[in-house]
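Trainee: Before we plan anything at the bench, could we go through the ligand site and the pocket of this model together?
Mentor: Gladly; let us look at the structure and then take your questions in turn.

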Amino acid sequence: MDAITANSLGRETDILDFLRLARGGHVSGQVICEALKISRTAVWHHIRHLRRLGYDIQASTRRGYYLHSSPNAPLPTEVLPLLRTGSLGRDLLYLPRVDSTNRYLAALAEQGRAEGCTVIADLQSGGRGRLGRSWFSPPGVNLYLSVLLRPSLPPQRAPSFSLAVGAALHRALHRVVPEVKVAVKWPNDLFIGGRKLAGILCDMKSEADRVHYLVVGIGVNVNGMRRQLPPSLRARAVSLREAARHPVSRPALAAALLQELAAVYPEWCRHGLKPFLPELERHSLLQGREVTVDLHREPVHGRVVGISSHGGLLLESHGRRREILSGDVHVRVPHAAAGAGA
Ligand code: BTN
């Protein structure tokens, strides 16, 4: 399926501009034809295309067209007008369906696509999670977004970036739904009240001393309801809509995320993870808690005392400090409180 881009929606974008300027009023087909120098039939075709994308455009023979409502979908026509970043996300590809946005974008990266290219899908048939897991990606409700970056850095620096992305995502969520308290769970999951809201998967291609590219993939449960989840996820996942008790704009969240990434990326390139540590620790689900880390089949117990500048989890375990670089962390919940933890 072809990607939908600002270019492929050029005329549709022009028509939407007219309709939006009219602020709920009508715009005559004749005015659009003359301004865009296209025929009435062409205008009709573009209107039909917009309707197929989810725009509710009403037509009256006497008064023309008016925009009744826009879809809550992260289409370029919805996200780009909200963007204030220089380049990140301007080259935006929207796919109604793809196997994985990370995989699709990595293929574009191999063909030399420039930094900042962003792929958003409505549905992923093979959404990928960390540690070889899959990412449940139904259509119409969530955000599945990948961004291409080409930092001029050695690959050893890269692992900490996914934690900085966690900070960017936390900031974006705070901007869009400030009433919802979101926590960051090391290394880079976002949680609400012990259930997972969002995850980050960074794929990298590199050689010994330089990164070729990073594909930063972000999945957020935005408007799904618990009953729509597979039974195995019902107790573990949460959506913004469930937490905020109202539907959330997918385009606004996509734009906020691209803005925050555009701010975090150059700062991380210059200074590494250090500037983000106080923020990450402040919003950490794990800070000060007793945890178990599954490490190469050998569990490590300890109390979380912070995050290192490499992005490792700092544990105090049997009187000594350990840095955990990867693994799955479980909060050790006392029996009486079982079920309330992460
Ligand atoms: C995790 O396991 O927590 C990471 C989940 C990452 C999911 C996102 S959705 C967009 C991008 N494309 C993918 O296939 N995965 C990431």
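Trainee: How far is an oxygen atom of the ligand from an N or O atom in the side chain of Asp 189?
Mentor: Please keep in mind that this is a predicted model. A polar contact here is a pair of N or O atoms within 3.5 Å. For the side chain of Asp 189 and an oxygen atom of the ligand, the distance is 3.5 Å.

Trainee: What share of the ligand's accessible area does the protein cover?
Mentor: Polar side-chain atoms approach the ligand from Ser 100, at 2.8 Å from an oxygen atom, and from Thr 101, at 3.0 Å from a nitrogen atom. On its own the ligand has 420 Å² of accessible area, and the share of this that the protein covers is 98%.

Trainee: Which element gives the most to the shell around the ligand?
Mentor: The ligand is surrounded by 20 residues, and these divide into six nonpolar, ten polar and four charged. Two or more residues each come from α5, β5, β8 and β9. The element that gives the most, with four residues, is β8.

Trainee: Which element gives the most to the lining of the second largest pocket?
Mentor: This pocket has a volume of about 590 Å³, and its lining consists of 28 residues, with Pro 159, Ser 162, Leu 163, Pro 187 and Leu 325 nearest its centre. The elements that give two or more residues to that lining are α6 and β8. With four residues, the one that gives the most is β8.

Key. Residues are numbered from 1 along each chain as its sequence is written. This is a predicted model: local features need pLDDT of at least 70, side-chain atom pairs count only at pLDDT 80 or more; totals for chains, interfaces and linings use all residues. Side-chain values use heavy atoms; hydrogens and water are left out. A residue is near a molecule or strand if one of its heavy atoms lies within 4 Å of it. A polar contact is a pair of N or O atoms within 3.5 Å; within protein, one must be able to donate a hydrogen and the other to accept it, and residues adjacent in sequence count only if both atoms are side-chain atoms. Accessible areas come from the Shrake-Rupley method with a 1.4 Å probe; for residues, only the protein chains shown count as cover. Ala, Val, Leu, Ile, Met, Phe, Trp, Tyr, Cys and Pro count as nonpolar, Asp, Glu, Lys and Arg as charged, and the others, Gly among them, as polar. On a 1 Å grid over the protein atoms alone, a cavity is a set of points where a 1.4 Å probe fits but cannot get out, and a pocket is an open set with protein on both sides within 12 Å along at least five of seven lines; lining residues have an atom within 4 Å of a point. Grid points are joined across faces, edges and corners, and a volume is the space filled by probe spheres set on the points.
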